[in-house]
Amino acid sequence: MSKISGSCLCVAVTFECEREFSSFHLCHCEQCQKTTGSAHAANLFTNINNIHWLSGEALIRRYDVPGRAISSAFCGDCGSPVPYVSKSGQSLVIPAGSLNEPVAIAPQDQLFWHERADWYEEGIAANKIEGFPE
């Protein structure tokens with residue numbers, strides 16, 4: 001297996017892992033909408049030991065949602081999501097957008113579809129442009 005690298009937005013937190021992902025889920029639950037500020041989270045799942053922190057591990061902050069099996073880990077400097085071990089301790093969750101390269105696994109499902117943002121489908125159908133609007 002080959003390695004893949006990732007980082008937060010400010011590149012203070014960097015990591016690498018093997019390309020051994022067991023699943024890829026898009027989660028539309030209300031908590032994932034809040035933690036991402038978007039329509040859904042895009043998370044890859046792998047073995048809890050499949051990570052090597054290259055820099056910035058001490059900058060990572062974590063928030064566990066009370067009463068739910070949902071967590072959020074993020075860079076304390078820039079706030080962008082970074083990998084973390086699930087509350088159950090069974091999986092390492094890697095935000096797909098934190099990776100520096102494409103992965104060979106496609107999203108397998110869209111979780112909590114009934115909680116999706118009311119504008120999600122209109123957003124998918126909206127005009128596609130290459131950059132900022134003029």
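This passage describes a three-stranded sheet, its aromatic contacts, two backbone outliers and the largest pocket of a predicted model. Because the model is predicted, local features were taken at pLDDT of at least 70 and side-chain atom pairs at pLDDT 80 or more, whereas totals for chains, interfaces and linings use all residues. Residues are numbered from 1 along each chain as its sequence is written, and side-chain values use heavy atoms, with hydrogens and water left out.

Secondary structure elements are DSSP runs numbered from the N terminus, helices (H or I) requiring at least four residues and strands (E) at least two. Three strands form an open sheet in the order β1-β2-β5 with antiparallel pairing, two strands being taken to pair if DSSP finds at least two bridges between them. In this arrangement β1 and β5 are the edge strands, each with a single partner, so one side of each has no neighbour in the sheet. Neighbouring strands of the sheet are turned against each other by 25° on average, direction ignored, the axes being lines fitted to C-alpha atoms, for helices over the stretch in contact, and angles running from 0 to 180 degrees between N-to-C directions.

The antiparallel pairing of β1 and β2 extends over five bridges, and within it isoleucine 4 stands opposite cysteine 17 of β2, while serine 7 has threonine 14 of β2 as its bridge partner. On the other side, β2 is joined to β5 (residues 52-55) by three bridges, again antiparallel, with phenylalanine 15 bridged to tryptophan 53 of β5. Of the five residues of β2, four are buried, where buried means under 20% relative accessible area, exposed means over 50% and partly exposed lies in between (1.4 Å probe, protein chains only).

Two aromatic pairs are present in the structure; rings of Phe, Tyr and Trp (its six-membered ring) pair if their centres lie within 6.5 Å, with planes under 30 degrees apart counted as stacked, over 60 as edge-to-face and the rest as tilted. Phenylalanine 15 and tryptophan 53 form an edge-to-face pair, at 5.8 Å centre to centre and 65° between the planes, which links strands β2 and β5 through residues 38 apart in the chain. Phenylalanine 15 counts as buried, at 0% relative accessibility. The pair of tryptophan 113 and tyrosine 120 is likewise edge-to-face, at 5.8 Å centre to centre and 90° between the planes; here tryptophan 113 is partly exposed at 32% relative accessible area, whereas tyrosine 120 is buried at 12%.

Most residues other than glycine have a negative phi. Valine 11, however, takes a positive phi near 65° in the hairpin of β1 and β2, which has six residues between the strands. Phenylalanine 112 also has a positive phi, near 50°; this residue lies in the loop between β10 (109-111) and α2 (120-125) and is partly exposed, with a relative accessible area of 36%.

The largest pocket has a volume of about 650 Å³, a volume being the space filled by probe spheres set on grid points joined across faces, edges and corners. A pocket is here an open set of points, on a 1 Å grid over the protein atoms alone, where a 1.4 Å probe fits, with protein on both sides within 12 Å along at least five of seven lines, and lining residues have an atom within 4 Å of a point. Its lining comprises 32 residues, of which Cys32, Ala41, Asn43, Tyr84 and Val93 lie nearest the centre. The largest share of the lining, four residues, comes from β4.
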